[in-house]
Amino acid sequence: MQDFSLYSERRTELCQEIRKKYKKDNGIILLCANVESDRIPFRQDSSFYYLTGLTEPGLFLTIDLESQKTRLFIPKYTIDRKQWMATGIFDFVCDEPSVAEIDELVELGDPIAGYTLHLYENMNHFAHLTAFLKTTVLQNKPVFTLLSEAAQQYVQQRTYITRFAAVVPSLAQSLVDISGIVAQMRRLKHMKEIESLFAAVEITAMAHEAAAAVIKPGIGEAEVHGNIAYVMYGSNATEAFASIVGSGFNSTVLHYHKNNDQLKTGELVVVDIGAEKDMYCADLTRTYPVSGRFSARQKVVYELVLETQEYIASIAKPGMYLKNNSHHDQSLHHLAKAFLAKAGYEQYFPHGIGHYLGLDVHDVGSYQEPLQEGDVFTIEPGIYIPEEALGVRIEDDYWLTPKGAVCLSEGLPKTVAEVQQAMADKSE
């Protein structure tokens, strides 16, 4: 049985942080789960999962800031959902909410004609929740929820909030954004999270080995991608993002997703992939010589990228920044740029040195805040020279400790000698 105590502890911490920041002792916290789509597999909202441990769609959780009482609002389906969709632990939660440390289960609203809740259901299907919100607002209590200004974050939740505000007078004026508090909490990883991240890293490393095993002149990028997907899904994981297998000129396209060209003799192929395991994501990149050995020119560029990564990893520590335009001397991104500039290659490095990693590939967290013990992030320098159809990127995942950055993907070959040895049977 899943242990939900960690999620309850996080909710307690969230209440404490809200009281501290906003000097409020009353109000409610509103969290919204994602809903399903017919075209893509369902994936729970990361922050909803972080604070509840629940992977069932269409749920809404409220937390009373004063008493910390939790209410879970559940859609009332007219069709037996278990016959259509796998629900897992949620069956136990419905029978015994205390299993998930939930105080009360409440029907979301009027019955739904089906087994799935959609974003734009008639508002009567949310009637019990909106009535609860209306009572909260009438009592002059704030509603703390996730309303990040970042365009890509909490899209479904923000849609719900907009719809609720249309039928609950003054709700819009009662809303308080807590996305910054939740982002700060999510940045600092619990040991159980590190274990999940490491599991995702291990699967991704195996997928890289499977990719390297088939890379040779004449095969398609799609075949390489197929081997990657086979390993990930065979390991009960999924692809955390659209896998990149870019050869030749495609290696210089940062987010190349077509994966439909043919690998040619003498080219490089950038393989940027990540498994998602138990909701946590890895993100590892290696660059392989299609023919099994790097040319002299490729080797020069590759080793410069590797030296840049090793340098940045050696100086990463609490108090520095991933990227901060106001503190170049403490910004890993700007220090990487300066390192490449010494060799005359800074103009070929167009992206950031790394990003936070966790429940999302590009995880939440402010780049204006310094790195802290417990952060997990990538270090991924690259050089891309379109006129030479030559792109190199090397990316690993790091966990920040008081003594510096620990590489979670240390075992995956990345020196020139290691990569060539791993592909020894491809050399010509």
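These are my notebook entries on the overall fold and on one histidine of a predicted model.

**Entry on the fold.** I began with the secondary structure, and for the protein chain I found 13 helices and 17 strands. I then looked up the radius of gyration, which is 24 Å, close to the 22 Å that the globule rule gives for 428 residues, so I noted the protein chain as being as compact as a globular protein of that length. For the extents I took the C-alpha trace, which spans about 70 × 50 × 35 Å along its principal axes.

**Entry on packing and surface.** I looked up burial next and found that 54% of the 428 residues of the protein chain count as buried. Among the contacts with a separation of 6 or more, I noted that 69% are made by residues 24 or more positions apart. The exposed area of the protein chain is about 18,500 Å², and I recorded that carbon and sulfur atoms supply 51% of that area.

**Entry on charge.** I counted 38 positive and 56 negative side chains in the protein chain, and I noted that the centres of the two sets lie 4 Å apart.

**Entry on H333.** Is H333 buried or exposed? I located H333 in helix α12, which covers residues 332-341, and I then looked up the relative accessibility of H333, which is 6%; since buried means under 20%, H333 counts as buried. Which residues does H333 touch, once those up to four places away in sequence are left out? I listed L322 and K323, together with F349, H351, G352 and I353, as the residues that H333 touches on that condition.

Terms used
Residues numbered from 1 in each chain as written. Predicted model: local features only at pLDDT ≥ 70, side-chain atom pairs only at ≥ 80, totals over all residues. Heavy atoms only, no water. Helix = DSSP H or I, 4+ residues; strand = E, 2+ residues; numbered from the N terminus. Rg over C-alpha atoms; globule rule 2.2 N^0.38 Å. Buried < 20%, exposed > 50% of the residue type's maximum accessible area, 1.4 Å probe, protein only. Contact = heavy atoms within 4.5 Å. Areas by Shrake-Rupley, 256 points an atom, 1.4 Å probe, with all protein chains shown as cover. Lys, Arg positive; Asp, Glu negative; His and termini not counted. Charge placed at Lys NZ, Arg CZ, Asp CG, Glu CD.
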